[in-house]
Amino acid sequence: MAKFNNNVYAKTYNDPESYDELLARLRSSFHNGKTRSVQFRIKQLKSLLRMYIDRNDEILEALRMDMRKSTLEGYMYEIDLMKNDIRETIKNLSSWSKPHWLNPNWLTIADRGYILKVPYGVVLVIGTWNYPFQLTLVPVAGAIAAGNCVVIKPSEISSYSASKIAELIPQYLDPECYAVVNGGSFETDLLLDHRFDYIFYTGSIGIGRKIHAKANKHLTPVTLELGGKSPVFIDDTVDYAITAKRILWGKCMNMGQTCVAPDYILCTQKVASKLIPHFPAIMHEWYGDNWKAVPDLARIVNKKHFNRVANLIKTASGSIIMGGEMDESDLWIKPTIIVGVNPQDQIMNEEVFGPVLPIMILEESEDCGLEEAIQFINSRPWNPLCLYCFSLSNHVRNQLQDRTQTGNMAFNDTIVQFVIDELPFGGVGSSGMGSYHGKYTFDTFTHERPVVLRDFSFLGDKVGLIRYPPYNKYKINFLSFMLWHWKKFNIFYFDYVPHFICFVMGLLSIVIFDWVYGEGAIAFNLYNAFTNQSTRFM
Ligand code: NAD
């Protein structure tokens with residue numbers, strides 16, 4: 001079956017020669033200020049939301065065609081997650097995009113300073129195939145919210161989804177400001193020769209490095225959402241049944257083709273022997289006897305990835321205690337657990353990104369292998385995207401928090417840190433740079449532009465006179481005092497002004513009330529009290 005719907009593909013910018021014209025059009029829309037009004041952005045976001053509601057079934061079908069994604073996973077992690085993200089953005093957009101006004105101080109007493117939240121300009125979002133709608137369009141929604149014009153480049157590997165995105169986006173978003181470019185590495189490469197004002201890339205470390213180098217040519221800022229191996233450390237304080245269930249849930253979701261999936265387990269033999277019996281039991285409870293027949297397990301996305309994952313299983317040392325069977329014609333690999341792998345095995349040296357869970361056994365020790373696990377994680381040549389730990393010990397938690405470098409962490413569960421949109425999501429070091437989700441996506445695509453607004457008032461000019469030549473010691477001391485000391489004792493900040501005004505108005509209303517209804521009795525008594533007292537002390 002041909003993977004690309006060529007009729008749809010032809011309508012999009014698949015011809016590199018059209019890139020110049022496309023980018024000129026988007027840049028002109030940006031410079032005309034079309035995307036600047038918050039109302040315009042909200043209108044586009046509402047339209048994007050409507051796309052998800054109207055075309056729900058078509059999106060699920062494209063996902064099913066690409067990797068047999070189940071309806072629940074398609075709905076929850078591609079559609080519903082996006083709808084909630086857009087709704088939250090629409091609700092908060094006015095307040096997020098407001099300028100932030102600075103408090104005046106003695107130096108800026110006659111001025112105003114503020115931070116404008118401005119869009120970068122024309123941005124490029126390069127998506128990947130494992131969650132082709134979510135990982136492409138969540139950043140796009142943030143870029144729209146921030147007021148950018150956007151070129152959207154879905155992954156060619158999830159080609160049904162890419163075609164669907166190319167078909168739907170021009171129907172729902174303003175084509176003068178937002179466009180889809182379809183194609184593979186060749187087209188993306190040519191696209192990257194053009195100047196963008198921001199690039200947001202999701203994908204592998206190798207291509208991420210290349211994108212970064214290309215962005216450098218134009219000094220374009222980038223967010224790189226990359227992969228890596230996410231370890232799971234387990235000690236002996238856990239509930240084994242729940243631990244096994246939460247790990248398998250994270251591993252089986254989308255057939256392990258999830259960037260935040262648990263990649264491998266580090267535990268001692270004692271822990272492994274209590275944990276392992278739960279795995280087949282849970283799989284049987286979820287999928288019965290014929291796992292291949294159930295609609296809830298997706299497929300490997302293509303033959304290349306099938307062969308890559310199959311090779312990881314074949315070359316691993318240790319023993320397969322669950323799964324191991326595969327069928328290339330159906331791109332099916334039975335969820336597999338391998339116990340006793342070596343650090344030198346291929347499976348421990350590249351991201352698994354498939355339904356295989358290797359377990360590396362640690363030496364028995366008083367800390368249940370914690371020290372060895374930390375040393376192992378830190379000795380690897382990459383920073384994990386996520387670190388998972390199953391333990392009830394605060395000591396274990398603190399040690400892992402303080403002594404490892406990973407993009408994010410979750411204790412006693414997997415994946416959940418990705419779906420809480422109050423948490424910024426992103427990697428560190430080799431697992432990426434920058435973050436997004438919720439308001440963080442808006443911030444990613446927003447430049448904070450500081451502005452000082454001065455006038456020609458007498459007071460402002462007098463305060464500033466000291467900065468002009470000729471310079472002398474007095475001026476240095478005075479400027480140094482002003483710049484530092486009033487900041488240290490910030491009693492001069494004008495935060496107190498509203499409180500002071502309220503206090504004066506309160507006093508005034510007492511005086512007026514006293515004058516009108518009490519004929520000045522309170523004032524009279526107070527006056528007497530003060531004068532008598534002062535007489536007494538004389
Ligand atoms: P991919 O092959 O779909 O590539 C991603 C994008 O890069 C695509 O749009 C593709 O067209 C483009 N591309 C590919 N080769 C290119 C080249 N030579 N030059 C320019 N562009 C090129 O996806 P992938 O790289 O197989 O993605 C899988 C990786 O992505 C895994 O490592 C996974 O962990 C990671 N990932 C990370 C996240 C995250 O949020 N951190 C999410 C999903 C996947």
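I take a residue to be near the ligand if one of its heavy atoms lies within 4 Å of it. With that cut-off I looked up the surroundings of the ligand in this predicted model, and I noted 27 residues around the ligand, of which G127, S155, E156, L226 and E351 come nearest.

**Ligand, polar atoms**

I then went through side chains that place a polar atom beside an oxygen atom of the ligand. For E351, one of the residues that come nearest, I noted 2.6 Å between an N or O atom of the side chain and a ligand oxygen. For T128 I found a polar side-chain atom 2.9 Å from an oxygen atom of the ligand, and for W129 the corresponding entry is 3.1 Å, again from a polar side-chain atom to a ligand oxygen.

**Domains**

I looked up the division of the protein next and wrote down four parts: domain 1 (23-226 + 440-448), domain 2 (231-426), domain 3 (455-489) and domain 4 (494-533). Domain 1 is thus given as two segments, 23-226 and 440-448. Taken over C-alpha atoms, the centres of domain 1 and domain 2 are 31 Å apart, and the contact between these two domains draws 19 residues from domain 1 and 27 residues from domain 2.

**Interface of domain 1 and domain 2**

The size of an interface is often given as the accessible area lost when the parts come together. For this pair I noted a buried area of about 1,800 Å², with carbon and sulfur atoms giving 55% of it. On the domain 1 side, R68, W129 and Y440 supply 31% of the area buried against domain 2, which is more than any other three residues. W129 therefore enters my notes twice, since its side chain also has a polar atom 3.1 Å from a ligand oxygen. I counted 0 salt bridges between domain 1 and domain 2, whereas 7 residue pairs are in polar contact across their interface, both residues of each pair being at pLDDT 80 or more. The elements giving two or more residues to the side of domain 1 that touches domain 2 are α4 (56-67), α5 (71-96) and α6 (134-145), and the largest share, 5 residues, comes from α5. By class, I listed 9 nonpolar, 3 polar and 7 charged residues on this side of domain 1.

**Salt bridges**

For the structure as a whole I noted 26 salt bridges. One that I looked up joins the side chains of R25 and E21, with 3.8 Å from N to O. R25 and E21 are separated by about one helical turn, because they stand 4 residues apart in helix α2 (residues 19-31).

**Backbone**

Most residues other than glycine have a negative phi, and most peptide bonds are trans. I looked up two places that depart from this pattern. L219, in the loop between α9 (205-217) and β7 (222-225), has a positive phi, near 50°. The peptide bond from P469 to P470 is cis, with omega near 0°, and P470 is found in the loop between α18 (458-464) and α19 (473-488).

Conventions. Residues numbered from 1 in each chain as written. Predicted model: local features only at pLDDT ≥ 70, side-chain atom pairs only at ≥ 80, totals over all residues. Heavy atoms only, no water. Domains from an automatic or database assignment. Contact = heavy atoms within 4.5 Å. Buried area = accessible area lost by both parts, 1.4 Å probe. Salt bridge = Lys/Arg side-chain N within 4 Å of Asp/Glu carboxyl O. Polar contact = N/O pair within 3.5 Å; in protein donor to acceptor, adjacent residues only side chain to side chain. Nonpolar A, V, L, I, M, F, W, Y, C, P; charged D, E, K, R; others polar.
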